[in-house]
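Trainee: Please take a single part of this model and examine it closely, and then set it in the context of its surroundings. I should like each term to be given with its criterion.

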Amino acid sequence: MFKKIKPTVLIAHDLLASYVQPGAVAVDATVGNGHDTLFLAQLVGQAGRVYGFDIQEEAVKKTAELLAQNGFTDTVRLFQAGHENLLDYVTEPVDAIVFNLGYLPGGDRNIVTGADSTTKAVRDGLALLKPGGIASLIVYTGHPGGPEEKEALEAFMQTLNKNEFCAARLDFLNRKNAPYLIIIEKSLV
Ligand SMILES: C[S@@+](CC[C@H](N)C(=O)[O-])C[C@H]1O[C@@H](n2cnc3c(N)ncnc32)[C@H](O)[C@@H]1O
């Protein structure tokens with residue numbers, strides 16, 4: 001048990017909690033089983049809004065159930081759609097955008113996020129970010145296509161203007177196969 005260097009998802013949650021205030025607008029680009037969506041809904045509260053995307057009907061259903069159980073149905077707009085099309089659904093500036101890549105835990109491991117679609121979604125998501133906003137990505141490399149997705153994302157991150165975005169990576173040196181975290185903050189000016 002560690003105080004701050006927790007599992008990657010929880011480190012991302014701690015970071016998001018320090019950026020996302022009640023009333024904020026957030027995007028969960030990969031809702032999966034709905035845990036990150038619920039977390040974002042709790043941060044933005046009833047006055048805020050969360051947009052959630054997943055290509056799998058199963059994921060959207062599970063997420064909708066979890067949100068209903070916790071009283072957040074009205075806070076979240078869920079779409080069974082690829083995040084690469086998020087600009088068709090989200091037209092307002094957002095405070096945070098969250099990706100948890102790879103496959104649906106407990107679901108079909110052949111349905112995974114992909115290098116091209118993820119990179120497009122991140123590019124479009126960053127364009128929607130408000131000044132001072134945050135994007136977080138949890139990246140897995142242990143499944144087929146994972147290393148290629150990582151390479152594409154990191155190549156894209158290196159093209160970001162350093163005056164507009166700060167892109168950083170938190171990787172583990174002694175945790176084998178742990179996912180790692182990319183965070184991108186948009187400058188205030
Ligand atoms: C690791 S899971 C997400 C876990 C989730 N955030 C949670 O808290 O349970 C990755 C999800 O990405 C979804 N996915 C794959 N390709 C996608 C795409 N192009 N657009 C949106 N979601 C996608 C998968 O269906 C899967 O449910």
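Mentor: The account below begins with helix H3 and then turns to the strands and helices around it.

The model is a predicted one, in which local features require pLDDT of at least 70 and side-chain atom pairs count only at pLDDT 80 or more, while totals for chains, interfaces and linings use all residues. Residues are numbered from 1 along each chain as its sequence is written.

Helix H3 comprises the 13 residues 57–69; helices (H or I, at least four residues) and strands (E, at least two) are DSSP runs, numbered from the N terminus. At 1.5 Å a residue, H3 should span 18 Å, and because its end C-alpha atoms are 18 Å apart, the expected and modelled values agree. The expected span here is 1.5 Å times one less than the number of residues.

Within H3, the buried residues are Ala 59, Val 60, Lys 62, Thr 63 and Leu 67. A residue is buried if 20 or more other C-beta atoms, placed from the backbone, lie within 10 Å of its own, exposed if 12 or fewer, and partly exposed in between. Seen down the axis of H3, the buried residues fall within an arc of 165°, so they line one face of the helix; the arc is that of the directions from the helix axis to the C-beta atoms. An α-helix has 3.6 residues a turn, so residues three or four places apart point the same way. Glu 57, Ala 68 and Gln 69 are exposed on the face of H3 turned away from its buried side.

What covers the buried residues of H3 includes helix H2 (35–44), strand S2 (49–54) and strand S3 (76–80). After H3 comes Gly 71, with a positive phi near 75°. Thr 73 lies in the loop between H3 and S3, and it is partly exposed because 13 other C-beta atoms lie within 10 Å. Leaving aside neighbours within four places in sequence, Thr 73 is in contact with Leu 67 and Ala 68, a contact being a pair of residues whose C-beta atoms, placed from the backbone, lie within 7 Å. Between Thr 73 and Val 90, 17 residues apart in sequence, the C-alpha to C-alpha separation is 18 Å.

The two strands on either side of H3 in the chain, S2 and S3, run parallel and are joined by 5 bridges; strands pair if DSSP finds at least two bridges between them. Gly 52 has Leu 78 of S3 as its bridge partner. The chain passes from S2 through H3 to S3 in a right-handed β-α-β crossover, meaning that, with the strands pointing away from the viewer, the path from the first strand over the helix to the second runs clockwise.

S1, H2 and S2 form a right-handed β-α-β unit. S1 pairs with S2 in the parallel sense over 4 bridges, and Gly 52 of S2 stands opposite Asp 28. S1 also pairs with S4, again parallel, over 3 bridges, where Asp 28 stands opposite Val 98. In a regular strand the side chains alternate between the two faces of the sheet. Accordingly, Val 25 and Val 27 point one way from S1 (residues 25–28) and Ala 26 and Asp 28 the other way, all of them buried.

In helix H2, His 35 has 17 C-beta neighbours inside 10 Å and therefore counts as partly exposed.

Helix H1 (residues 8–19) offers a second helix for examination. Its buried residues are Thr 8, Ala 12 and Leu 16. They cover an arc of only 70° around the axis, which puts them on the same side of H1, whereas Asp 14 and Ser 18 are exposed on the other side. The buried residues of H1 pack against H2, strand S4 (94–100), strand S5 (129–139) and S7.

The largest nonpolar core has 46 residues, and those with the most contacts inside it are Ala 26, Val 27, Leu 40, Val 94, Ala 96 and Val 98. Such a core is a set of buried Ala, Val, Leu, Ile, Met, Phe, Trp, Tyr and Cys residues joined through C-beta atoms within 7 Å. Not counting residues up to four places away in sequence, Ala 96 touches, among others, Leu 16, Ala 26 and Ile 134.

How values were computed:
Contact = placed C-beta atoms within 7 Å.
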